[in-house]
Protein chains: 2
Amino acid sequence: MAYDYAEQAKMMKAFCDENRLKILAQLRGGEQCACRLLDHLEIGQSALSYHMKILIESGVVESRECGKWTHYRLSAQGSARAIAAMQAILTPNERAEGKARHGASCGCAVSDGTRG
Amino acid sequence: MAYDYAEQAKMMKAFCDENRLKILAQLRGGEQCACRLLDHLEIGQSALSYHMKILIESGVVESRECGKWTHYRLSAQGSARAIAAMQAILTPNERAEGKARHGASCGCAVSDGTRG
DNA sequence: GCCTCACATCAAAAAGTTTCGATGTGTCAA
DNA sequence: TTGACACATCGAAACTTTTTGATGTGAGGC
């Protein structure tokens, strides 16, 4: 799992910009068209379009065309994938847990002695 | 919850850089000193120091000084907070769900009619 | 004390992201 | 078929992040 750090970093980019978090917060309330998303942000139309592209590429947002409008909504699948990825990133790995170095003076366990 | 988007974006920055994901992956295997983290990355010592600072400020990593060495490890609390935040960001909000606009031609429900 | 090592900090350069205004594309209504 | 609208795309400017090499700080060994 999770060998492609570049891919994973790209997915996480959805969440590390203030405007994108505001957009996601709006989408929690249900599907919205771009023009309404724009009402609540202090950016121009082309910047919104740029952020929506990032959100869609990261997989957490889906879009639906409806005549001249585009509606955006949270993707349940994408959201589940993002949450699972984050859990994986932060879950200690049982097999290797407990090995540290630079032991003697501070009570660390030493794993191989090449440095501490 | 989650009114401070800037704060939240800052926390999520921990996860949106490839080198930081590699560092976190190493820390899943247990506490490590900076020199060993460095062995597995293609960056210099000062760049590692910069990334560690970001990881610590975001709360997902803790450090422990041991003589001249510094050991880093995942913070269980910080990790739990990050996961909870991401779940909050991606969880649809029951009360408002189901309201869309621009209805007629594509089967959308219309919430107030001011635009579609 | 003096030297070395581990890590932090700094300033500057390099790389990447976000914004803007202008322009392009497709849809709809008149 | 023309015009207006919604959104995407483009190139350039503004801004932020990341990297580098140099230097600072504090610990430990001699």
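The following exercises, each with a worked solution, concern a predicted model of protein chains and DNA strands.

**Exercise 1. Layout of chain A**

Determine how many helices and strands chain A contains and in what order its elements run.

Solution.
1. Chain A has five helices and three strands.
2. Read from the N terminus, the elements of chain A follow the order α-α-β-α-α-β-β-α.
3. Chain A comprises 116 residues, of which 30% count as buried.
4. Among the contacts in chain A with a separation of 6 or more, 41% are between residues 24 or more positions apart.

**Exercise 2. The sheet of chain A**

Establish the strand order of the sheet in chain A and identify which strands stand at its edges.

Solution.
1. Three strands make up an open sheet in the order β1-β3-β2 (chain A), and the pairing is antiparallel.
2. The edge positions belong to β1 (32-33) and β2 of chain A; each has a single partner strand, so one side of each lacks a neighbour in the sheet.
3. Strand β2 (residues 61-66) of chain A is joined to β3(A) by six bridges, and the two run antiparallel.
4. Within this pairing, A:Arg64 lies opposite A:His71 in β3(A).
5. A hairpin is formed by β2(A) and β3(A), with two residues between them. In its turn, A:Gly67 has a positive phi of about 60 degrees.

**Exercise 3. The sheet of chain B**

Describe the strand order in chain B and find the bridge partner of B:Cys33.

Solution.
1. The open sheet has three strands in the order β1-β3-β2 (chain B), with antiparallel pairing.
2. At the edges are β1 (32-33) and β2 (61-66) of chain B, each of which pairs on one side only.
3. The antiparallel strands β1(B) and β3(B) are joined by two bridges.
4. B:His71, in β3(B), is the bridge partner of B:Cys33.

**Exercise 4. Helix α5 of chain A**

Test the length of helix α5 (residues 76-90) of chain A against the expected span, and determine where its buried residues lie around the axis.

Solution.
1. Helix α5 of chain A has 15 residues, which at 1.5 Å a residue should span 21 Å. The expected span takes 1.5 Å times one less than the number of residues.
2. The end C-alpha atoms of the helix are 21 Å apart, in agreement with the expectation.
3. The buried residues in α5(A) are A:Ser79, A:Ala82, A:Met86, A:Ile89 and A:Leu90.
4. Viewed down the axis of α5(A), these buried residues fall within an arc of 90 degrees, and therefore line one face of the helix.
5. The general background is that an α-helix has 3.6 residues a turn, so residues three or four places apart point the same way.
6. A:Ala76, A:Gln77, A:Ala80 and A:Ala84 are exposed on the other side of α5(A).
7. The cover over the buried residues of α5(A) includes α1 (5-12) and β3 of chain A, as well as α2 (18-28), β3 and α5 (76-90) of chain B.

**Exercise 5. Helix α2 of chain A**

State which residues of helix α2 (residues 18-28) of chain A are buried and on what part of the helix they lie.

Solution.
1. In this helix, A:Arg20, A:Leu21, A:Ile23, A:Leu24 and A:Leu27 are buried.
2. Their arc around the axis is only 160 degrees, which places them on the same side of α2(A).
3. After α2(A) comes A:Gly30, with a positive phi near 115 degrees.

**Exercise 6. The surroundings of B:Leu37**

Decide whether B:Leu37 is buried or exposed, and list its contacts beyond four places in sequence.

Solution.
1. B:Leu37 belongs to helix α3 of chain B.
2. There are 20 other C-beta atoms within 10 Å of B:Leu37. The threshold for burial is 20 or more, so B:Leu37 is buried.
3. Apart from neighbours within four places in sequence, B:Leu37 contacts B:Ile23, B:Gln26, B:Gln32, B:Leu48 and B:Tyr72.
4. One of these partners, B:Leu48, is eleven residues from B:Leu37 in sequence, and their C-alpha atoms are 8.3 Å apart.

**Exercise 7. The surface near DNA strand D**

Identify which residues come nearest to DNA strand D and which element gives the most to the surface.

Solution.
1. DNA strand D has 25 residues around it, and A:Ala34, A:Ser46, A:Ser49, B:Ser46 and B:Gly67 come nearest.
2. Two or more residues each are given by α3 (34-39), α4 (45-58) and β3 (69-74) of chain A and by α4 (45-58) of chain B.
3. The most, six residues, come from α4(A).
4. By character, the surface near DNA strand D has ten nonpolar, ten polar and five charged residues.

How values were computed. Residues are numbered from 1 along each chain as its sequence is written. Chains are lettered from A and ligands numbered from 1 in the order in which they are written. This is a predicted model: local features need pLDDT of at least 70, side-chain atom pairs count only at pLDDT 80 or more; totals for chains, interfaces and linings use all residues. A residue is near a molecule or strand if its C-beta atom, placed from the backbone, lies within 6 Å of it. Helices (H or I, at least four residues) and strands (E, at least two) are DSSP runs, numbered from the N terminus. Ala, Val, Leu, Ile, Met, Phe, Trp, Tyr, Cys and Pro count as nonpolar, Asp, Glu, Lys and Arg as charged, and the others, Gly among them, as polar. A residue is buried if 20 or more other C-beta atoms lie within 10 Å of its own, exposed if 12 or fewer, and partly exposed in between; C-beta atoms are placed from the backbone. The arc is that of the directions from the helix axis to the C-beta atoms. Two residues are in contact if their C-beta atoms, placed from the backbone, lie within 7 Å. Two strands pair if DSSP finds at least two bridges between them.
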